[in-house]
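Hello,

Here is the structure I promised to pass on. Please open it first, then read my notes below.

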Amino acid sequence: MSKHDQRAPLTFVICGAGGAGKGSIVARLVELDETLWLSRSWTTREQRPGESDNAYVYVSRDEFDQHIRQGGFLEWAQFFENRYGTPVPVAPSGSDVVLEIDVQGALQVREVDPAAVVVLVLPPNRSEQRRRMQRRGDTDDHVAKRLAKSDAEEDVGRVLADLVVVNDDLDRTVAEVAELIEGRRADCTPRPI
Ligand code: 5GP
């Protein structure tokens, strides 16, 4: 039995406003650590052109709402006109869970799992944040809406977060988050008597 098999999976929540770079951080974390399991969210929004089929489970509003009624989500939130939700996680044995979600979802996860570790990712500044959203093809209207929401999202995230990282250098940011993950795992690992 590995040390990890002796404890329940930990949940690491990576949250932040649009364009903060949560997706790049999470992709790197799971690439570097095969015992981190990334949950795939459900969404009612349409797949963006060029977006991977695996980015989300794309469902209709009816399917989403039925899943809510069946108790199938750990958390879910309405984000602008669409719904997003984390299915109740079933991580492979020996893995910890990573969620890439918005701050409303992070609040809910913390409520159901007080031991969940929350990381708030901040963009270096609003112009870089705008550039990142434009680069991935978001419409001007959508970018403007997400920028307008960012201050409020970050205020909530700061109160909640165990770690706040400014994502100006991906390698450094990933290293900071990985260090937090390792530290939390070490705290939870039973020490030999
Ligand atoms: P996007 O449409 O840009 O992919 O995502 C919009 C927002 O929803 C992002 O902040 C993203 O992190 C968040 N999001 C993605 N999946 C989930 C989820 O399962 N739950 C919650 N609460 N937010 C999510």
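One oxygen atom to find in the ligand is 3.3 Å from a polar backbone atom of Thr 86. Keep in mind that this is a predicted model. The protein covers 95% of the ligand's accessible area, which is 510 Å² for the ligand on its own.

Two further contacts are worth finding. A polar side-chain atom of Tyr 84 lies 2.5 Å from an oxygen atom of the ligand. At Gly 85, a backbone N or O atom lies 3.1 Å from an oxygen atom of the ligand.

Now look at the shell around the ligand. It holds 17 residues. The closest are Ser 41, Arg 45, Tyr 56, Glu 75 and Tyr 84. What kinds of residue make up this shell? Eight are charged, five are nonpolar and four are polar. Two strands to colour are β5, residues 73-79, and β6, residues 82-87. Each of them supplies at least two residues of the shell.

Next, the pocket. Where does the ligand sit? The space it takes is the largest pocket. About 1200 Å³ of space lies in that pocket. Its lining counts 45 residues. Nearest the centre of the pocket lie Arg 45, Arg 48, Glu 51, Tyr 56 and Arg 136.

Which elements line the largest pocket with at least two residues each? They are α1 (22-32), β5, β6, α4 (126-135) and α5 (140-160). The largest share of the lining comes from α1, with five residues. By type, the lining divides into 16 charged, 16 polar and 13 nonpolar residues.

A good place to start is Tyr 84. This residue is among the closest to the ligand, and its side chain makes the 2.5 Å approach to a ligand oxygen atom.

Best wishes

How values were computed. Residues are numbered from 1 along each chain as its sequence is written. This is a predicted model: local features need pLDDT of at least 70, side-chain atom pairs count only at pLDDT 80 or more; totals for chains, interfaces and linings use all residues. Side-chain values use heavy atoms; hydrogens and water are left out. A residue is near a molecule or strand if one of its heavy atoms lies within 4 Å of it. A polar contact is a pair of N or O atoms within 3.5 Å; within protein, one must be able to donate a hydrogen and the other to accept it, and residues adjacent in sequence count only if both atoms are side-chain atoms. Accessible areas come from the Shrake-Rupley method with a 1.4 Å probe; for residues, only the protein chains shown count as cover. On a 1 Å grid over the protein atoms alone, a cavity is a set of points where a 1.4 Å probe fits but cannot get out, and a pocket is an open set with protein on both sides within 12 Å along at least five of seven lines; lining residues have an atom within 4 Å of a point. A molecule sits in a cavity or pocket if more than half of its atoms lie within 2 Å of its grid points. Helices (H or I, at least four residues) and strands (E, at least two) are DSSP runs, numbered from the N terminus. Ala, Val, Leu, Ile, Met, Phe, Trp, Tyr, Cys and Pro count as nonpolar, Asp, Glu, Lys and Arg as charged, and the others, Gly among them, as polar. Grid points are joined across faces, edges and corners, and a volume is the space filled by probe spheres set on the points.
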